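Me: I'm new to this structure and would love a friendly tour of its side-chain contacts. Could you show it to me first?

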Amino acid sequence: MWAAAVCAGSAALLLMDRRGHESRRARSLFEDTKTELTEARPWRRTLAAGRGRVRHEWWCLAAGSAVALLGESVLPLVVGVAGVPVAARVRRARDARRERGRRGDAVIALCGELAGDVRAGRQPAESLRRALDEATAAGAGVGASRSAVLAAARFGGDVPEALRQAAREPGAEGLLGLAACWRVAVDRGAGLGAGLERLEGALRAERDRRADLRAQLAGARSTAVMLAGLPVLGLLMGSALGAQPLRVLLHTGPGLACLAAGGVLEAAGVWWALRIVRGAEER
């Protein structure tokens with residue numbers, strides 16, 4: 001019954017999406033894109049808004065509720081509720097890694113832009129202000145300490161110290177090299193442009209090395225995730241054969257014991273495999 005309901009709902013959504021696509025294609029011959037978006041169906045706007053507001057971790061609760069209905073047990077719902085904070089933590093860690101990568105790219109771009117301006121004959125403080133303003137306008141800020149660096153560059157403050165403070169944020173460690181180049185150029189009169197170009201090359205090589213390492217470890221991470229999903233495939237195959245694995249696991253003593261032991265071993269295996277991959281990335 002549940003499979004039939006899911007298939008019917010999917011077919012209805014596909015049919016509505018196809019009809020909507022055909023109608024939009026016909027309207028596009030006579031209307032511009034703005035009018036088309038204005039006259040979009042309300043349920044599509046609601047769905048798009050919901051996608052932006054609903055976090056991925058709430059799918060754990062939805063999956064737990066679906067399994068609880070199919071297995072006629074409250075245990076999957078409890079597991080789904082417990083999985084929400086775990087999935088939220090994973091999502092925050094992933095967002096932090098992405099933000100760290102974007103901040104590192106912004107530092108590399110800042111060094112390149114600053115080196116070009118200094119080579120063109122601009123003053124270092126003016127070049128730094130201009131490069132930071134352009135990075136912020138492009139949505140690639142170097143961190144929350146940008147205002148302190150700008151204030152130091154505009155009013156003659158200690159720019160290297162402000163850069164060192166900004167380098168404490170994850171991904172902005174390259175600002176330490178920029179602070180050292182700035183200190184050497186100001187105190188000893190050395191060429192700032194040449195030092196910034198060498199710094200940009202070193203940071204870019206380090207970023208490429210990390211990207212290559214992540215690409216090499218992607219296969220190991222994918223293998224671990226695929227092996228972790230094999231029990232779900234076994235449950236689906238058992239249900240297709242009429243063995244009713246959910247009823248055995250959720251309503252019998254040996255089934256509950258196997259479920260608990262399998263869940264603990266599954267979690268430990270995934271944690272250990274991902275820990276090995278993260279350790280290799282950190283080294």
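Me: Which residue does Glu-206 meet in a salt bridge?

Reply: Happy to start there, and please keep in mind that this is a predicted model. The closest approach in this salt bridge is 3.6 Å, N to O, which fits because the cut-off is 4 Å. The partner of Glu-206 is Arg-210.

Me: Where do Glu-206 and Arg-210 lie?

Reply: The two residues are four apart, about one turn of the helix. Glu-206 is partly exposed, with a relative accessible area of 32%, and Arg-210 is partly exposed too, at 38%. Both residues lie in helix α10 (residues 192–228).

Me: How many salt bridges does the structure hold?

Reply: The pair of Glu-206 and Arg-210 forms a salt bridge, and so does the pair of Arg-130 and Asp-117. For the whole structure, the count of salt bridges is 17.

Me: In the salt bridge of Arg-130 with Asp-117, how far apart are the closest N and O atoms?

Reply: This pair links distant parts of the chain, with Arg-130 in helix α6 (residues 124–137) and Asp-117 in helix α5 (residues 75–119). The two residues are 13 residues apart. Their closest N and O atoms are apart by 2.8 Å.

Me: Is Asp-117 buried or exposed?

Reply: Its partner Arg-130 has a relative accessible area of 31% and is partly exposed. For Asp-117 the relative accessible area is 5%. Buried means under 20%, so Asp-117 is buried.

Me: Which residue forms a salt bridge with Asp-158?

Reply: Asp-158 sits in the loop between α7 (146–154) and α8 (159–166), and its partner is in helix α9 (residues 175–188), 25 residues apart. Asp-158 is partly exposed at 41%. The closest N and O atoms of the pair are 3.4 Å apart, and the partner is Arg-183.

Me: What kind of aromatic pair do Trp-271 and Trp-272 form?

Reply: Trp-271 counts as partly exposed at 48% relative accessibility, and Trp-272 does at 47%. Their rings are 6.0 Å apart, centre to centre, with 50° between the planes. Planes under 30 degrees apart count as stacked and over 60 as edge-to-face, so this pair is tilted.

Note on methods
Residues numbered from 1 in each chain as written. Predicted model: local features only at pLDDT ≥ 70, side-chain atom pairs only at ≥ 80, totals over all residues. Heavy atoms only, no water. Phe/Tyr/Trp six-rings, centres within 6.5 Å; stacked < 30°, edge-to-face > 60°. Buried < 20%, exposed > 50% of the residue type's maximum accessible area, 1.4 Å probe, protein only. Salt bridge = Lys/Arg side-chain N within 4 Å of Asp/Glu carboxyl O.
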